[in-house]
Amino acid sequence: MSIINIILIALVAFLAGCEGVLDQFQFHQPIVACTLIGLVTGHLKEGVILGGSLQMIALGWANVGAAIAPDAALASVASSIIMVLALEGGSKNVNDAINTSIALAIPLSVAGLFLTMIARTLAIPLVHSMDKAAETANFRKIDILSRMGVAMQGLRIAIPALILCFIPSKVVTDALNMMPSWLTGGMEVGGGMVAAVGYAMVINMMSTKETWPFFALGFVFATISEITLVGLGVIGLALAIIYMTLKNLATNNQGGSGSGDPLGDIINDY
């Protein structure tokens with residue numbers, strides 16, 4: 001891995017760490033972080049595949065109050081680097097490298113929680129300093145301290161990424177090749193199950209009796225091999241327009257009575 005590759009990886013890792021608390025440009029999302037690392041290392045296709053797989057796992061991850069979700073930023077960046085090192089070390093099976101990286105993403109995301117705790121603990125003195133600066137209306141100092149706090153979040157991902165980059169590719173490849181088939185197979189199965197659990201978490205949070213019919217239709221349409229992703233997108237858009245049109249008609253016809261949701265009103269009637 002060249003110096004330029006390492007610098008670009010560190011930049012992506014830093015942005016991913018910052019976005020883990022900012023959530024503005026979504027650099028910490030697996031589909032973005034893995035794709036960018038694949039792009040800067042010359043493994044774009046593999047990065048997209050890894051990012052898409054990890055994104056299904058991270059769909060149900062969300063910070064709610066004091067509950068911190070597993071660290072998607074560290075999981076995405078570290079697993080991508082491990083995959084790249086395995087591929088550059090001469091890994092014969094691309095799928096094995098990707099599947100192993102997916103399996104390693106889960107413990108890496110948990111390890112990221114520990115790094116997040118350290119970064120947030122170190123940020124406590126910064127907050128107190130910002131309070132004192134606010135008493136004197138020193139807005140410039142407040143701005144600098146807030147940027148320092150965000151930068152710490154970026155460094156918590158960039159530093160482990162740099163450490164991984166300096167591990168010889170052959171070491172990673174040999175370690176992956178030494179894994180017995182039962183272990184790699186178990187990781188592959190476990191990675192697939194975790195993806196299903198992540199998607200189930202999203203369904204559990206978003207599901208309502210009004211949306212279940214569309215959920216069922218989506219599975220039916222997805223089984224038709226002749227329909228492309230563009231076609232599925234058009235079908236989804238059409239269903240959304242039909243739903244909103246029916247909702248507006250129901251509201252206007254009932255004079256504001258009812259829930260305004262035609263499907264919900266029909267289900268409640270029965």
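Which pattern does the protein chain follow when read along the sequence? Let us work through that and a few more exercises on this predicted model.

**Exercise 1. Describe the overall fold from its secondary structure.**

Step 1: Count the elements. The protein chain has 12 helices and 0 strands.

Step 2: Put them in sequence order. The pattern reads α-α-α-α-α-α-α-α-α-α-α-α.

Step 3: Add burial and contacts. Of the 270 residues in the protein chain, 33% are buried. Among contacts with a separation of 6 or more, 70% join residues 24 or more positions apart.

**Exercise 2. Find the salt bridges and place each one in the chain.**

Step 1: The structure holds 2 salt bridges. As background, side chains of opposite charge can pair when their charged atoms come close.

Step 2: Take Arg156 and Asp71, whose side chains meet in a salt bridge with an N to O distance of 2.3 Å. This pair links distant parts of the chain, 85 residues apart: Arg156 belongs to helix H7 (residues 139-165), while Asp71 sits in the loop between helix H3 (44-58) and helix H4 (72-88). Both Arg156 and Asp71 are buried.

Step 3: Turn to Arg147 and Asp143, where the closest N and O atoms of the salt bridge are 3.0 Å apart. Both residues lie in helix H7, 4 residues apart, which is about one turn of the helix.

Step 4: Check the accessibility of this second pair. Arg147 has a relative accessible area of 57%, so this residue is exposed, as the value is over 50%. Asp143, at 37%, falls between 20% and 50% and is therefore partly exposed.

**Exercise 3. Work out how helix H7 packs against H6 and H4.**

Step 1: Start with H6 (residues 124-135). The axes of H6 and H7 come within 9 Å and cross at roughly 165°. That angle is over 145 degrees, so H6 and H7 are roughly antiparallel. Their crossing is left-handed.

Step 2: List who meets whom. From H6 come Leu126, Ser129, Met130, Ala133 and Ala134, and their partners in H7 include Lys141, Leu145 and Met152. Sorted by class, the contact of H6 with H7 has 8 nonpolar, 3 polar and 1 charged residues.

Step 3: Repeat for H4. The axes of H4 and H7 come within 10 Å, crossing at roughly 10°. Because this is under 35 degrees, H4 and H7 count as roughly parallel. The crossing of H4 and H7 is right-handed.

Step 4: Look at the residues involved. H4 contributes Ala73, Leu74, Val77, Ala78, Ile81 and Leu85, and H7 contributes Ile157, Pro160, Ala161, Leu164 and Cys165. The contact of H4 with H7 divides into 11 nonpolar, no polar and no charged residues.

**Exercise 4. Decide whether Gln153 and Asp174 are buried or partly exposed, and find what lies around them.**

Step 1: Gln153 is found in helix H7. Its relative accessibility is 5%, which is under 20%, so Gln153 counts as buried.

Step 2: Leaving aside residues up to four places away in sequence, Gln153 touches Gly17, Cys18, Val21, Ala119 and Arg120.

Step 3: Asp174 lies in helix H8 (residues 169-178). With 31% relative accessibility, Asp174 sits between the 20% and 50% cut-offs and therefore counts as partly exposed.

Step 4: Finish with a distance across the chain. Asp174 and Ala86 are 88 residues apart along the chain, and their C-alpha atoms are separated by 8.6 Å.

Conventions: Residues are numbered from 1 along each chain as its sequence is written. This is a predicted model: local features need pLDDT of at least 70, side-chain atom pairs count only at pLDDT 80 or more; totals for chains, interfaces and linings use all residues. Side-chain values use heavy atoms; hydrogens and water are left out. A salt bridge is a side-chain nitrogen of Lys or Arg within 4 Å of a carboxyl oxygen of Asp or Glu. Helices (H or I, at least four residues) and strands (E, at least two) are DSSP runs, numbered from the N terminus. Buried means under 20% relative accessible area, exposed over 50%, partly exposed in between (1.4 Å probe, protein chains only). Axes are lines fitted to C-alpha atoms, for helices over the stretch in contact, and angles run from 0 to 180 degrees between N-to-C directions. Angles under 35 degrees count as roughly parallel, over 145 as roughly antiparallel, 65 to 115 as roughly perpendicular and the rest as oblique. A crossing is left-handed if the near helix is turned anticlockwise from the far one by less than a right angle, and right-handed if clockwise. Contact means heavy atoms within 4.5 Å. Ala, Val, Leu, Ile, Met, Phe, Trp, Tyr, Cys and Pro count as nonpolar, Asp, Glu, Lys and Arg as charged, and the others, Gly among them, as polar.
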